[in-house]
Amino acid sequence: MCGIVGAVASRDIVPVLIEGLKRLEYRGYDSCGVAVFNDGLKRARSVRRVHDLDTQIRETGFAGTTGISHTRWATHGAPVTVNAHPHFSRDAVAVVHNGIIENYEEIRADLRAAGYEFESQTDTEVIAHLVNHLYKGDLLMAVQAAVTQLRGAYAIAVFCQDEPHRVVGARYGSPMVVGLGDGENFVASDAMALAGTTDRILYLEDGDAVDVRQTQVTVYDRNSAKVEREVRIVKAQDSGADLGPYRHYMQKEIFEQPRAIADTLEGVAAVTPELFGDDAAAVFAHIDSVLILACGTSYYAGLTAKYWLEAIAKLPTQVEIASEYRYRETVPNPRTLVVLISQSGETADTLAALKHAQSLGMSETLAICNAPTSAMVRQTKLTYLTRAGVEIGVASTKAFTTQLAALFLLTLTFAKLRGHLSEAAEAAELRHLRHLPVALQSVLSLEPQIIAWADKFAHKEHALFLGRGSHFPIALEGALKLKEISYIHAEAYAAGELKHGPLALVTDQMPVVTIAPNDALLEKLKSNIQEVRARGGQLFVFADADTHIQSSDGIFVIRMPENYGALSPILHVVPLQLLAYHCALALGNDVDKPRNLAKSVTVE
Ligand code: M6R
């Protein structure tokens, strides 16, 4: 999604501005741009890749010591050049912006009345004109005055013609960091953008503004009082950029899952609250329920965990889509553990849901997250870091299975605290968890069979996914993967729901992917399979070795390993990831950057 880099230096900072955008590219964007001061404000923009922007500016000798750059993921206005950032106001003020300004139409009307002309359809352009309108010789003061009029979420970086050695940043609801260099300083929407440039990072808080100059950085809080924000050393994470033998990051990340799970479980010798933080024992002791908040794939991890937490730990658990929860009237319970699940830790809806829960007095919060320095990790009391490594493919894969591993540990922890896990059972569950990487390897070896299925599948227009119990969320995740990257319309149902409506859709043109673990619901599921077959539907069944489901007319079976007990969902999602991947590949789609989507969804 949108990315920001800004710099003030004594050298040409264009390479830093472009390199920063390259580091943020994997998040998804549809246009990009850069502006510098060089005897006036100069700008270059592109509706293609950062590489094209780079080529464009190299050809024109574009350079400057102060500047800002941006990758845009369109919200207001199509991805065309005039909507790409930076936006200028009368060649005097330049702005880049992440987030959404909700009251931009009102502000635009006022500014039009004051004589400002708008060239884009964006909400961002109002910020440029507003800062210009309020500018009375001090950029910081103009920005501070402007943001008091903005409603919504923003991270902005601004510079102006009259004070060319200064960049002012401000944030509310969208992340922004400051990077400290020697005789040069930076702002960015993520520390990752500055990797290789500086590792001394300070994180702005909501309502902060920052005055960035070559040799000095000053932070002001929402009341315009000077504040100190802690400087942290943020080591560049391995970008995971090397594809190795794989064609796409998604394929690489699917195959990294055994390693990612092993890393996520590293050091777990026993089930103990301390796995979730030093204060966890005290917090967990008075918890009587769990509320999980997340979006997309992370939400499906939460749905799976609900089955575990209620069945194994006997702990009442509610799972909510973050964007729904934040606007819904709920009954808060201060003894609820609020669990946020997120790969990026920067998802705007999940962060807002966290804030909402906290505002309702629910202060016992735990983030299960893959980004150690993310806002979510900084804003929750407890943390479990998944160690999936950087996930570049927009379609989440290894983040999901590592989230599940962490959630299973959480389940075991509560089961033990509540007297539902004997010592022997704990040892057995830990053995099972540790064996997961090996079990995953054997599932990954099914890829050739899945490629053969993808050929049959790729040209279908619709697909149904069926699962029961803790494998229903896996069916939802499988359908999401197929939609995201192959653009095949896919829906998932709890198999028992079929006859309550969706069965009407079943014809010989409707492939029905069925997840068939050998669990207590197997016989029920076999009846659901027959219901589909009787209507001419074609079944593609991932069946555990011990289910005795055989391939026959209209029923294709891929045999999974033997049933893996409660952890079976972690194994069953993998062939669905591979199926989606190979369908997308067969269709020639951009697997890692599917249309319209972004990796990190930092706007509401
Ligand atoms: O970073 P998060 O886990 O908070 O992201 C949540 C969703 O945006 C994400 O899982 C999305 O659904 C993925 N593209 C799914 O593959």
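**Backbone exceptions and the ligand site**

Lys314 has a relative accessible area of 44%, so this residue counts as partly exposed, given that the class runs between the cut-offs of 20% and 50%. The model described here is a predicted one. Lys314 belongs to the loop that links α9 (296-312) to β17 (317-321). The backbone at Lys314 is worth a look: phi is positive, about 55°, although the residue is not a glycine.

Ser224 can be read in a similar way. Its phi is near 65°, again a positive value in a residue other than glycine. The chain places Ser224 in the loop between β13 (217-220) and β14 (226-227). With 41% relative accessibility, Ser224 is partly exposed.

A further backbone feature is found at Pro86. The peptide bond that leads from His85 into Pro86 is cis, and its omega is near -5°. Pro86 sits in the loop between β4 (66-72) and β5 (87-89).

The ligand is the next stop. Where does the ligand sit among the pockets? The space it takes is the second largest pocket. Two elements give two or more residues each to the shell around the ligand, namely α9 and α16 (472-486). Of these, α9 supplies the largest share of the shell, three residues. The helix α9 is also the element that precedes the loop holding Lys314.

There are 14 residues around the ligand, and those that come nearest are Ser298, Ser342, Gln343, Thr347 and Glu484. Sorted by class, the shell has eight polar, four nonpolar and two charged residues.

Which side chains place a polar atom by an oxygen atom of the ligand? Ser342 is one of them, with a polar side-chain atom 2.6 Å from a ligand oxygen. In the side chain of Ser344, an N or O atom is 2.7 Å from an oxygen atom of the ligand. Lys481 also has a polar side-chain atom by a ligand oxygen, at 2.9 Å. How much of the ligand does the protein cover? On its own the ligand has 410 Å² of accessible area, and the protein covers 91% of it.

Taken together, the site can be traced from the pocket that the ligand takes up, through the residues of α9 and α16 in its shell, to the polar side-chain atoms of Ser342, Ser344 and Lys481.

Terms used
Residues numbered from 1 in each chain as written. Predicted model: local features only at pLDDT ≥ 70, side-chain atom pairs only at ≥ 80, totals over all residues. Heavy atoms only, no water. Helix = DSSP H or I, 4+ residues; strand = E, 2+ residues; numbered from the N terminus. Buried < 20%, exposed > 50% of the residue type's maximum accessible area, 1.4 Å probe, protein only. Near = heavy atom within 4 Å. Polar contact = N/O pair within 3.5 Å; in protein donor to acceptor, adjacent residues only side chain to side chain. Areas by Shrake-Rupley, 256 points an atom, 1.4 Å probe, with all protein chains shown as cover. 1 Å grid on protein atoms, 1.4 Å probe; cavity = no way out; pocket = protein on both sides within 12 Å on 5 of 7 lines; lining within 4 Å. Sits in = over half its atoms within 2 Å of the grid points. Nonpolar A, V, L, I, M, F, W, Y, C, P; charged D, E, K, R; others polar.
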